[in-house]
Amino acid sequence: MTSNTSVRAGEDLLNASLQKVEALLTATYTDHPLESHVNAMCMHVISAGGKRMRPRLVLLSALALPNFNADNDLDNICHIAAAIELLHTATLVHDDVIDKAPLRRGQPTLNETDGNHAAVLAGDYLFTRCFDLLQKPHNFDIITELSRTLRQLVVGELYQLEHEGDVNLSLDTYYETIYHKTGVLFELAAASPAITLEQYYDFIAPLKEFGRKLGIAFQIKDDMLDYTADSSILGKDAGTDLNDQRITLPVLMALRHLEHSDPQGKEQLLQAVKDAQLEPVLQAIAATNALEECEKQAQQACDEAIASLAVLPPSEFKEALISLCHKALQRQN
């Protein structure tokens with residue numbers, strides 16, 4: 001088999017697996033009349049799409065493992081990938097309620113169309129369907145890890161709430177928050193195949209490290225986009241973090257720069273942040289080259305993620321994992 005033929009076969013296998021995941025995302029709902037409304041709400045969120053980055057990460061991590069037996073194990077991995085995507089979707093629904101967000105992926109949020117009460121219940125319902133999907137792999141370790149991840153996601157939201165409007169936020173606390181908010185789910189996605197399949201126990205730690213660093217790079221880029229992207233491309237209103245008093249890396253880097261070079265400018269930026277005035281905050285971020293520093297931090301996390309993949313043998317799937325890191329930094333939404 002030639003190299004090109006192998007790559008094409010790998011792409012076909014990945015695409016078929018992603019299609020299987022999509023089918024699982026929509027096949028877990030019942031026709032019971034009492035569940036028809038909540039099913040419709042959940043399907044509204046799922047059909048809005050998204051990058052499906054987490055299930056792709058699950059599948060690529062599995063396929064990149066040495067001597068992975070696709071015939072025997074891929075179906076279970078697809079169920080895990082779908083479960084993790086439902087977990088992610090459920091957290092987004094709840095996040096939108098907390099943030100009072102009107103848009104998600106360019107579509108009205110459930111809290112906007114159906115109200116907060118219904119949206120919270122829809123998110124809860126998605127959680128139950130997530131665990132339903134995990135019945136197929138019948139693996140206690142992955143259920144334990146998913147439960148731990150869910151706890152950490154809640155901790156991340158509490159961290160964020162605790163430090164709302166905190167302009168004295170340390171970089172350590174910022175990184176701890178984005179690990180809990182985003183990194184833990186990437187960590188679970190990357191390591192879930194190795195967690196599920198006993199023979200790959202030694203791959204759990206490096207794959208967790210890969211997912212953790214990829215998630216951090218992804219969230220830094222997300223925080224940058226909130227100050228740089230066009231709302232129509234971003235799929236939600238730009239400046240949301242500022243309006244919600246979330247102090248993210250672009251503002252922290254601008255404040256650190258001004259602290260030494262322009263104390264008066266720092267005070268002006270602090271007031272603009274307090275008043276949620278986007279234009280002066282954007283001007284300060286631009287004047288201090290804060291986004292360039294954020295880019296360096298994201299690139300460093302990306303480089304560390306890629307270094308963690310040294311345990312995997314060369315393959316088109318390993319290269320695809322590396323490509324995920326680069327795409328996380330290059331994206332515009």
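**Exercise 1: cysteines.** Work out how many disulfides (pairs of cysteine sulfur atoms within 2.5 Å) the structure holds, and why Cys78 has no bond to Cys130.

*Solution.* Start with the count: there are 0 disulfides. Next, check the distance: the closest cysteine sulfur to that of Cys78 sits in Cys130, 15 Å away, so it's too far for a bond. Finally, look at burial (buried is under 20% relative accessible area, exposed over 50%, partly exposed in between, with a 1.4 Å probe and protein chains only). Cys78 is buried at 3%, and Cys130 is buried too, at 0%.

A quick note on the ground rules: this is a predicted model, where local features need pLDDT of at least 70, side-chain atom pairs count only at pLDDT 80 or more, and totals for chains, interfaces and linings use all residues. Residues are numbered from 1 along each chain as its sequence is written, and side-chain values use heavy atoms, leaving out hydrogens and water.

**Exercise 2: Leu169.** Find out whether Leu169 is buried or exposed, and which residues beyond four places in sequence it is in contact with.

*Solution.* First, locate it: Leu169 lies in the loop between helix 7 (140–162) and helix 8 (171–196), helices being DSSP runs of H or I with at least four residues, numbered from the N terminus. Then take its relative accessible area, 12%, which makes Leu169 buried. Now list the contacts (heavy atoms within 4.5 Å): setting aside neighbours within four places in sequence, Leu169 touches His163, Tyr174, Ile247 and Leu252. As for Gly239, its C-alpha is 19 Å from that of Leu169, with the two positions 70 residues apart in sequence numbering.

Conventions: Disulfide = S-S within 2.5 Å.
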